[in-house]
Amino acid sequence: MFQLQGLTKAYGPARVLQGVDLELRPGEAVCLAGANAAGKTTLLTIAAGLQKADGGRILREGKLGYLPQESSLLEDLTVEENLALWYAANRRPKAALFAPQSPEQALELEPHRKKRVSRVSGGIKRRAGLAAALSGRPQWLLMDEPFTALDLQSRQVILTLLHTLRGEGTGILFSSHDPAAIAACADRLLLLKAGRIQEELDLSQVPPPKRLTRTIEILANA
């Protein structure tokens with residue numbers, strides 16, 4: 001179970017969230033869309049427990065992983081050293097790093113494991129950040145703009161892993177402005193506007209040829 005009930009948040013006179021209700025189900029991918037400054041990042045950080053709402057409540061059972069929009073990796077450490085820190089924080093053995101079927105392997109990070117983060121591309125950083133978010137084997141994954149400025153290979157690698165995670169029962173909530181990525185992996189699209197969920201599109205009920213068109217129509221209303 002993962003539910004947000006009546007979340008409110010204001011920064012001074014600006015009421016960013018005005019009673020947001022949201023339910024995420026196991027194995028479901030939900031995209032949170034909206035204009036810049038619509039409150040998507042605020043909602044995600046509250047849902048991730050990184051800041052407090054002014055009102056409402058969060059009901060959640062199971063572990064949570066969070067991929068922020070900005071990299072949380074240490075630039076002077078290697079990809080492997082960064083992930084080892086996350087494994088240690090989640091009390092997982094270092095020997096599990098880069099094991100078969102691990103997120104690091106699925107994200108094709110093996111060739112980059114000994115490289116400093118400061119020396120890898122933005123796409124590799126994003127993949128490594130996602131591996132860090134998954135290091136605790138969460139039941140719920142929150143991601144803030146995971147597809148921004150990605151090369152085509154990194155984009156496809158991440159999309160493939162997200163499909164795998166959904167099949168394993170992981171619930172995914174992410175924000176995005178990328179209509180093609182949304183159409184490719186989201187079951188539902190929620191439009192956040194004026195502090196509330198103003199529109200919802202059940203993409204799982206839309207035939208694949210029409211998903212991109214319907215997604216663009218919703219984003220145009222942001």
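These are my notebook entries on rings, a helix and a few backbone angles in this structure.

**Entry 1: the model.** I reminded myself before starting that this is a predicted model.

**Entry 2: aromatic pairs.** How many aromatic pairs does the structure hold? I found two. In one of them, the ring centres of Phe2 and Trp140 are 5.5 Å apart and the planes stand at 85°, so I noted the pair as edge-to-face. I then looked up where the partners sit: Phe2 belongs to strand 1 (residues 2–11) and Trp140 to strand 6 (residues 140–144), so this pair ties together parts that lie 138 residues apart in sequence. Are these two rings buried or exposed? Phe2 has a relative accessible area of 2%, which is under the 20% limit, so I wrote it down as buried. Trp140, at 3%, is buried for the same reason, because its value is also under 20%.

The other pair is Phe147 with Phe174; their ring centres are 6.0 Å apart and their planes are at 85°, so this pair is edge-to-face too. Phe147 is in the loop between strand 6 and helix 5 (152–167), while Phe174 is in strand 7 (residues 171–175), and the pair links these distant parts of the chain, 27 residues apart. Both Phe147 and Phe174 are buried.

**Entry 3: helix 2.** I went along helix 2, residues 79–89, and listed its buried residues: Val79, Glu80, Asn82, Leu83, Ala84 and Tyr87. What covers them? The cover includes helix 3 (103–106) and helix 4 (122–133). The spacing made me recall a rule: an α-helix has 3.6 residues a turn, so residues three or four places apart point the same way.

Leu85 is also in helix 2, but with a relative accessible area of 46% it is partly exposed. Leu85 joins Leu74 and Trp86 in a nonpolar surface patch, and together they have about 270 Å² of accessible area.

**Entry 4: positive phi angles.** Just after helix 2, I came to Arg91, whose phi is positive at about 55°. Phe98 has a positive phi as well, near 60°, although it is not a glycine. Phe98 is in the loop between helix 2 and helix 3, and its relative accessibility of 7% makes it buried. I also looked at what sits over the ring of Phe98: the charged end of Arg113, 4.0 Å from the ring centre.

My last stop was Glu145, a non-glycine residue with a positive phi of about 50°. Glu145 is in the loop between strand 6 and helix 5, and I noted it as buried, with a relative accessible area of 6%.

Technical notes:
Residues are numbered from 1 along each chain as its sequence is written. This is a predicted model: local features need pLDDT of at least 70, side-chain atom pairs count only at pLDDT 80 or more; totals for chains, interfaces and linings use all residues. Side-chain values use heavy atoms; hydrogens and water are left out. Patches are made of residues with over 30% relative accessible area and no salt bridge: like charges are joined within 9 Å, nonpolar side chains (Val, Leu, Ile, Met, Phe, Trp, Tyr) within 5 Å. Accessible areas come from the Shrake-Rupley method with a 1.4 Å probe; for residues, only the protein chains shown count as cover. A salt bridge is a side-chain nitrogen of Lys or Arg within 4 Å of a carboxyl oxygen of Asp or Glu. Helices (H or I, at least four residues) and strands (E, at least two) are DSSP runs, numbered from the N terminus. Buried means under 20% relative accessible area, exposed over 50%, partly exposed in between (1.4 Å probe, protein chains only). Rings of Phe, Tyr and Trp (its six-membered ring) pair if their centres lie within 6.5 Å; planes under 30 degrees apart count as stacked, over 60 as edge-to-face and the rest as tilted. A charge sits over a ring if NZ of Lys or CZ of Arg is within 6 Å of the ring centre and within 35 degrees of the ring normal. Contact means heavy atoms within 4.5 Å.
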